[in-house]
Protein chains: 2
Amino acid sequence: MDLTPRQRQILTFIQQQIAELGRPPTRSEIARAFGFRSANAAQEHLRNLERKGAIALTGGASRGIRLLAGAAAGLPLVGRVAAGQPILAEEQIEARYALDPGLFHPHAHYLLRVRGESMRDAGIRDGDLLAVHRTREAGDGRIVVARVEDEVTVKRLYRKGHEVELRPANPAFESLRIDLRSTPLEIEGIAVGLVRQALDSIAPVSLD
Amino acid sequence: MDLTPRQRQILTFIQQQIAELGRPPTRSEIARAFGFRSANAAQEHLRNLERKGAIALTGGASRGIRLLAGAAAGLPLVGRVAAGQPILAEEQIEARYALDPGLFHPHAHYLLRVRGESMRDAGIRDGDLLAVHRTREAGDGRIVVARVEDEVTVKRLYRKGHEVELRPANPAFESLRIDLRSTPLEIEGIAVGLVRQALDSIAPVSLD
DNA sequence: ATGCATACTGTAATTATATACAGTATCGAG
DNA sequence: CTCGATACTGTATATAATTACAGTATGCAT
């Protein structure tokens, strides 16, 4: 899509307005939000965004701005997280799905595709989309998205002094114990919900 | 909400416009769509819809129509299904959530709140919202929403001649075997996905 | 029988909005 | 250096849109 930083800001503003107010902004509203003294500045941004395929403009209609595929607002779906990359880096976003913000409490910032069965007994299965609320703090026992030495993992968090336990919910897996004095741990967010796109792929849990 | 048939038509039109064009309609657009010769007819409908709590109007703003909770388009969430009632009867709808239609395949028609742990080993837990695609046919082994003698249940469907087995995914529960010659069975739909709103309420599956 | 909510037509004024044209300034590529 | 793209200010105008006021007609409840 190749937008300039400014154009990306404008696009984000349009997405926010649609999400919050249920209607696209006018040229004047964009200008006001960015401090432009002329609505024409907004008009030119819109035209450039249209030329680059991010939006479609409907001539003559007020608020005639439509987001096109790829620019549609929605929760980003993060797939495999590459080492050293921030979790919401543009390259990691597989898709965006429009989900009602009111579906989860607190609201989700992104979806993370879960790999493996380490949280099986908490009802989180391989391939599930975990709804994650971005925060650096988490209560004891909460399911968190944590980054330990460039690897992102979903586990239950327990903290005792300077030791943190990342506990899976599957007896086939072992807890990860981390000494915060030697190993940095970053909490990327807390799990607030789950979306599963296919039910048939779920292998039955057996009592073996 | 108690809308008149006409008001409901207007509300539906607003929902359609938002879904199709990404912006609420103007008074004139409503008037044109319904053949009104005066935009004021639309204006009065909007006011009545606002008075009844279906929408909120933003004074002065063009297209300043917001859908309020309950009027928002989206997948209906069906709670407890009363005996004898069709599953999508208005009284059963607890809420509506805007979900991306592309999230599930085939697409979901409604969400059903699951009661009990009878499908636990298929990853479906008490309180989960099951995304359901409305159909009367289901392949063997699929997870279906079925109605047997006025009770709605979620199970795996297996058919052998005139006998149908509704098999739970939890060894603590027993299969329900139905002879179609004596007992009517209706398939209300097939499960196509799952949404879980809270992860902490999930009791761990133990190997007891 | 009377009043009230619903469901419109018709007119009009004000404000909101889109959009064209003429400029200015900056920056990176050729 | 020069050109084109970006990022604006400033002015202006046609039209899109909201919204008020004055009516008409119908059905339903009191």
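1. Arg6(A) reaches the DNA backbone: a polar atom of its side chain lies 2.6 Å from a phosphate oxygen of DNA strand D. This is a predicted model. Two further side chains of chain A make such approaches. A polar side-chain atom of Thr4(A) is 3.1 Å from a phosphate oxygen of the strand. For Arg51(A), an N or O atom of the side chain is 2.8 Å from one.

2. The surroundings of DNA strand D comprise 25 residues, and Arg6(A), Glu44(A), Arg47(B), Gly60(B) and Arg63(B) come nearest. By type, the surface divides into three nonpolar, 14 polar and eight charged residues. Of the strand's atoms within 4 Å of the protein, 73% are sugar or phosphate; the rest belong to bases.

3. Both chains contribute helices here. Helix 1 and helix 3 (39-51) of chain A, and helix 3 (39-51) of chain B, each supply at least two residues. Helix 3 of chain A gives the most, with five.

4. Aromatic pairs number four over all chains. Phe13(A) and Phe34(A) are edge-to-face, because their planes stand at 80°, with the centres 5.6 Å apart. Phe13(A) sits in helix 1 (residues 5-21) and Phe34(A) in helix 2 (residues 27-34) of chain A, so the pair ties together parts 21 residues apart in sequence.

5. Phe34(A) also pairs with Phe36(A), this time stacked: 5.7 Å centre to centre, 20° between planes. The three Phe residues, Phe13(A), Phe34(A) and Phe36(A), form one aromatic cluster. Phe13(A) is buried at 12% relative accessible area. Phe36(A) is buried at 18%.

6. Arg167(A) lies over the face of Tyr158(A), 3.9 Å from the ring centre. In chain B, the charged end of Arg167(B) sits over the ring of Tyr158(B), 3.9 Å from its centre.

Note on methods
Residues are numbered from 1 along each chain as its sequence is written. Chains are lettered from A and ligands numbered from 1 in the order in which they are written. This is a predicted model: local features need pLDDT of at least 70, side-chain atom pairs count only at pLDDT 80 or more; totals for chains, interfaces and linings use all residues. Side-chain values use heavy atoms; hydrogens and water are left out. Rings of Phe, Tyr and Trp (its six-membered ring) pair if their centres lie within 6.5 Å; planes under 30 degrees apart count as stacked, over 60 as edge-to-face and the rest as tilted. Helices (H or I, at least four residues) and strands (E, at least two) are DSSP runs, numbered from the N terminus. Buried means under 20% relative accessible area, exposed over 50%, partly exposed in between (1.4 Å probe, protein chains only). A charge sits over a ring if NZ of Lys or CZ of Arg is within 6 Å of the ring centre and within 35 degrees of the ring normal. A residue is near a molecule or strand if one of its heavy atoms lies within 4 Å of it. A polar contact is a pair of N or O atoms within 3.5 Å; within protein, one must be able to donate a hydrogen and the other to accept it, and residues adjacent in sequence count only if both atoms are side-chain atoms. Ala, Val, Leu, Ile, Met, Phe, Trp, Tyr, Cys and Pro count as nonpolar, Asp, Glu, Lys and Arg as charged, and the others, Gly among them, as polar.
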